[in-house]
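Student: I am new to this structure and would like a close look at a single part of it. Could you pick one strand and walk me through its surroundings?

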Amino acid sequence: MKNVILQILFFLFALPVLSVSQNIKEKLPNVKFEHLRVNVLDKEATAKWYVENVGLEIIPSSNDQYIYVADKDHNFKLELSSIAGIKNTYNDIPVDGFHLAFEGHKSIQHVAEKMITNGGVQEGELYTNKIGDYVMNVRDINGFNAQLIHRVDPFFSKPVKSSIRFEHFAFNTPDQKTAALWYIEFMDLKMPWSKDIDKNNLERNYRVPYVGDVENNMSLELFGKDLKCFLSNLPHNVIHIAFSTDMPEEIAKRMILGGATQVGETKSIDGDVIIDLYDPNKIPLRLIKRKK
């Protein structure tokens, strides 16, 4: 009965936003998670660390400003840059400020041990959550938190070409309900899974929602803790979440009508169309139409 009441309250809350988006809904191509940009001190060393210790692979690129490392099934990738004079270490940000999560087979525990042996730092204790998932947090050589999960009941397909895949990128928001609904309504994402609060995280204001793309590549985990939003207003050249689409201009227009702010539109040296925006909570987002 309690769950039914919560669902009714959620959709009543959602009606004002839904009424706005109904007037601008149109058939647009799928938006797909593509990469997470992270600026680091040494992109080559960081890429090598993830290849050797996590089992990722480098994706060749003609643009030497970045190095791309992906899981071997190419669900998602990291875009690593080393731009001087801006933030490049992340030890000051707590796990619930933001973290990048990998999911995989039971051997994922050995991945965590290897990361720690080779310069990673364990953050907190290894634990099993309410539904039996194995979870460990490890900071990489830049202090960026990588979460390793073995799910009892994974909501994305298991990795095929390796033992690990990207699963989600988590960050804190002022209100999980509004944030989840915004990504679903204005970017045509979906909610593949959510988890209940438990006695250890009662301060969260709602079920913890995961918002993913329709191709089941990757997801966002949205927190509602009493923390500041650490991603808020960070420059795009420090960090951003990127989505690929064949119609970036049209998707951007819809996002702006939903409260996003566009801060740039460029064409890369490779001919890619790039549009930078902030969502209503000032999270840095990027839309990309790749020429190749």
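Tutor: Happily; here is a walk that starts at one strand and moves on to the aromatic rings and the nonpolar core.

Please keep in mind that this is a predicted model. Let us begin with strand β9, which covers residues 164-172. Nine of its nine residues are buried, so β9 is largely enclosed by the rest of the structure.

What does β9 pair with? One partner is strand β5 (residues 98-104), which runs antiparallel to β9 and is joined to it over seven bridges. To find this pairing on your screen, look for Phe98, whose bridge partner in β9 is Phe171. Another partner is strand β12, residues 219-223; here the sense is parallel, and there are five bridges. In this pairing, Asn172 has Phe223 of β12 as its bridge partner.

Phe98 deserves a second look. The largest nonpolar core has 62 residues, and Phe98 and Phe169 are the ones that touch the most other members. Helix α4 (residues 176-187) gives the most to this core, namely six residues. Setting aside neighbours within four places in sequence, the contacts of Phe98 include Phe169, Ala170 and Phe171, and also Tyr90, Phe144, Phe230 and Leu234. Apart from the largest core lies another one of six residues, with Ala170 and Phe223 among them. As a general rule, nonpolar side chains in soluble globular proteins tend to be buried together.

Now for the aromatic rings. The structure holds 16 aromatic pairs. One of them is formed by Phe33 and Phe76, edge-to-face, with 6.4 Å from centre to centre and 70 degrees between the planes. Phe33 sits in strand β1 (residues 32-39) and Phe76 in the loop between β3 and β4, so this pair ties together parts that are 43 residues apart in sequence. Both Phe33 and Phe76 are buried.

Tyr50 and Phe102 form a pair as well, this one tilted, at 6.4 Å centre to centre with 40 degrees between the planes. This pair also links distant parts of the chain: Tyr50 belongs to helix α2 (residues 43-54) and Phe102 to strand β5, 52 residues apart. Tyr50 and Phe102 are both buried.

Finally, these two pairs come together in one aromatic cluster, formed by Phe33, Trp49, Tyr50, Phe76, Phe102, Phe166 and Phe243.

How values were computed
Residues numbered from 1 in each chain as written. Predicted model: local features only at pLDDT ≥ 70, side-chain atom pairs only at ≥ 80, totals over all residues. Heavy atoms only, no water. Buried < 20%, exposed > 50% of the residue type's maximum accessible area, 1.4 Å probe, protein only. Helix = DSSP H or I, 4+ residues; strand = E, 2+ residues; numbered from the N terminus. Pairing = 2+ DSSP bridges. Phe/Tyr/Trp six-rings, centres within 6.5 Å; stacked < 30°, edge-to-face > 60°. Core = buried A, V, L, I, M, F, W, Y, C linked by side-chain atoms within 4.5 Å. Contact = heavy atoms within 4.5 Å.
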